[in-house]
Amino acid sequence: MQSFSQDLTSRKVDAELSQLLQALAQISAQISHDVRRGALAGILGATESENVQGETQKKLDVIANDLIKDGLAKLDLVKGIASEEEDDVVALNPNGRFLVSFDPLDGSSNIDINSLVGTIFSILPAPEGELTQDSFLQPGRQQLAAGYVLYGPSSLMAISTGKGTQLYTLDPISGDFLLIDDAMQIPATTQEFAINMSNQRFWEPAMQNYIADLLKGDTGVRGKNFNMRWIAAMVGDVHRVLSRGGIFTYPTDTKNPAKPYKLRLMYEANPMALLVEQAGGLASTGYQDILDIQPEGIHQRVAVVLGSRDEVTECLKYHG
Ligand code: AHG
Ligand code: MN
Ligand code: MN
Ligand code: MN
């Protein structure tokens with residue numbers, strides 16, 4: 001089996017981008033190690049602080065954020081970072097070629113129940129000049145690479161540098177990620193959907209109608225039965241979609257009028273959209289491809305509908 005570094009070389013990935021991706025893989029292996037030790041590594045429970053999103057930070061949110069920030073600061077390659085757990089962008093090396101946006105720990109509500117969590121990251125080219133939030137406001141199509149690491153029963157890393165989506169498994173003994181799938185492919189059709197059904201009454205009519213038709217099963221307009229899954233960590237739900245197909249959505253809702261969307265564009269939706277598109281799937285807001293959005297802020301939120309091509313297309317018909 002090829003190691004991650006061998007695979008990047010055989011794919012002719014730019015040497016510095018490759019170095020940055022390997023650093024992210026190494027840092028994730030450290031996070032994976034801490035996640036596996038659980039209470040023994042002091043990672044469970046909450047801190048007393050809130051992040052810019054108004055969420056109470058879990059200890060592991062902060063530990064993972066600091067591991068990534070400090071690990072990237074040691075390289076000369078990164079001009080700045082934007083993180084879910086940092087209010088503002090953080091400048092690293094003024095000469096760095098890359099910007100990294102990341103969700104250090106996705107699925108925070110799963111930490112204390114020993115369920116799926118992960119790390120999501122997105123790499124953009126660094127524009128010339130002083131680093132500001134504006135430096136990051138590039139559409140997702142400009143991403144040079146994106147990936148996630150899922151800390152599950154095994155630790156897995158999915159990466160795209162724009163030439164398909166590759167999957168690697170962490171060997172906890174050597175600390176290396178080894179290639180297990182060199183071209184992930186999402187089946188075009190599916191009978192599985194993922195949505196937080198408890199928000200049903202707050203969705204727009206388009207999503208209400210679409211899900212209602214799925215629930216009618218083989219006697220309704222769709223003519224087939226659908227199963228439902230919800231891990232409550234995007235990284236886990238998207239990994240399932242990449243592995244066996246499905247549609248995942250966190251749609252617009254009116255539960256909190258000041259916050260109509262849940263997922264963050266720069267470090268959740270964009271990297272996942274690249275991985276999904278590169279595996280033959282679609283990623284939309286319901287009205288526009290995620291990767292075409294011109295970002296307006298580093299913590300901007302968006303509606304997300306992604307997964308199996310034919311099923312996402314079906315869902316988009318309801319949105320007109
Ligand atoms: P995070 O833990 O990084 O704040 O992200 C949580 C997100 C996402 O991972 C997941 O899909 C969603 O929140 C779960 O939302 P519900 O709590 O509504 O299930
Ligand atoms: Mn998240
Ligand atoms: Mn997070
Ligand atoms: Mn959070």
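## Around ligand 1

Let's start at the ligand: 13 residues surround ligand 1, and D106, S108, N196, A232 and M234 come nearest (near means that the C-beta atom, placed from the backbone, lies within 6 Å of the molecule). By class, this shell holds 5 charged, 4 polar and 4 nonpolar residues (Asp, Glu, Lys and Arg count as charged; Ala, Val, Leu, Ile, Met, Phe, Trp, Tyr, Cys and Pro as nonpolar; the others, Gly among them, as polar).

Domain 1 (4–181) and domain 2 (192–318) each supply at least three residues to the shell around ligand 1, with bounds from an automatic or database domain assignment.

## How the model was made and numbered

This is a predicted model, in which local features need pLDDT of at least 70 and side-chain atom pairs count only at pLDDT 80 or more, while totals for chains, interfaces and linings use all residues. Residues are numbered from 1 along each chain as its sequence is written, and chains are lettered from A and ligands numbered from 1 in the order in which they are written.

The chain has an average pLDDT of 98, and 100% of the residues score at least 70 (pLDDT is the predictor's confidence in each residue, from 0 to 100). For the complex, the predictor gives a pTM of 0.98 and an ipTM of 0.97.

## The two faces of α8

Helix α8 spans residues 309–319, with E311, V312 and C315 buried (20 or more other C-beta atoms within 10 Å of its own; exposed means 12 or fewer). These three cover an arc of only 100° around the axis, which puts them on the same side of α8. Exposed T313 and K317 sit on the face turned away from that buried side.

Technical notes:
Helix = DSSP H or I, 4+ residues; strand = E, 2+ residues; numbered from the N terminus. Arc of directions from axis to C-beta.
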